Amino acid sequence: YVTDGAKLIIQPGTTIVSDIAEKGALIIERGAQLLAEGTSAKPIVFTSGKAVGERTPGDWGGVVLLGRATTNRTSEPTIEGGIGRVYGGNNDLDNSGILKYVRIEYAGIAAMPNSEINALTLGGVGSGTTIENVQTIYANDDAFEFFGGTVNAKHLIAFAGIDDDRDREFI
């Protein structure tokens, strides 16, 4: 969990490997930022902790980005997947960071029926956030799921996911 006021900066070319036993996930809470700006030659990769060739969809949770942009809820919703953190608000310009030239592999777990962590889960993420050139491969649920928000994501690629490539919850 990256908490309110904190910034997690990930350098180009970095590979982040998840804990398999605990089904780790990266949660960026409201008010925090994930600054993951890779390049086409040096993408940032979030992947399974298993050895290459042994990785399977659902090895780990995924990346969850929560912001303060509007949803259609009258109260603050809680993101699904067993995370239990609130998202949304009234700041459509909110900036939750940068995801650029990022690949998310073998992510997505079901915490309970109809409550999953997707490869990339976005809750109330504002238009001040940059999401460009993000690829998910072998997602165990949705590749990308948006819960409200105003972010304008560009150049999203989903390959070989189990469920939806893109899912938008109107909340």
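Trainee: Which residue meets the side chain of Glu 76 in a salt bridge?

Mentor: This is a predicted model, in which local features need pLDDT of at least 70 and side-chain atom pairs count only at pLDDT 80 or more, while totals for chains, interfaces and linings use all residues. Residues are numbered from 1 along each chain as its sequence is written, and side-chain values use heavy atoms, with hydrogens and water left out. A salt bridge here is a side-chain nitrogen of Lys or Arg within 4 Å of a carboxyl oxygen of Asp or Glu. Glu 76 has such a pair at 3.0 Å, N to O, and its partner is Arg 30.

Trainee: How many residues apart in sequence are the parts that Glu 76 and Arg 30 tie together?

Mentor: Strands are DSSP runs of E with at least two residues, numbered from the N terminus. Glu 76 lies in the loop between β6 (63–66) and β7 (97–105), and Arg 30 in the loop between β3 (26–28) and β4 (33–37). The pair therefore ties together parts whose separation in residues is 46.

Trainee: Is Arg 30 buried or exposed?

Mentor: Buried means under 20% relative accessible area, exposed over 50%, and partly exposed in between, with a 1.4 Å probe and protein chains only. Glu 76, at 47%, is partly exposed. Arg 30 has a relative accessible area of 16%, so this residue is buried.

Trainee: Which residues are linked with Glu 105 in a network of salt bridges?

Mentor: Glu 105 forms a salt bridge with Arg 55, with the closest N and O atoms 3.8 Å apart. The two sit 50 residues apart, Glu 105 in strand β7 and Arg 55 in the loop between β5 (44–47) and β6. A salt bridge also joins Glu 105 to Arg 103, at 2.7 Å between the closest N and O atoms. The residues networked with Glu 105 are Arg 55 and Arg 103.

Trainee: What is the relative accessible area of Glu 105?

Mentor: Both arginines of the network are partly exposed, Arg 55 at 22% and Arg 103 at 26%. Glu 105 is buried, with a value of 7%.

Trainee: Which strand has Glu 105's bridge partner, and which residue is that partner?

Mentor: Two strands pair if DSSP finds at least two bridges between them. β7 and β11 pair in the parallel sense over seven bridges. In β11, the partner of Glu 105 is Ile 137.

Trainee: Which strand supplies the largest share of the largest nonpolar core?

Mentor: A nonpolar core is a set of buried Ala, Val, Leu, Ile, Met, Phe, Trp, Tyr and Cys residues joined through side-chain atoms within 4.5 Å. The largest one has 27 residues, of which Leu 34, Phe 46 and Ile 104 touch the most other members. Strands that each supply at least two residues include β4, β5 and β11. The largest share, three residues, comes from β7.

Trainee: Which residue stands opposite Leu 34 in β7?

Mentor: β4 and β7 run parallel and are joined by four bridges. Across from Leu 34 in β7 is Gly 97.

Trainee: Where is Thr 136, a residue in contact with Ile 104?

Mentor: Contact means heavy atoms within 4.5 Å. Leaving aside residues up to four places away in sequence, Thr 136 touches Ile 104, Ala 119 and Phe 144, among others. Thr 136 is buried, because its relative accessible area is 1%. Its place, residues 130–137, is strand β11.
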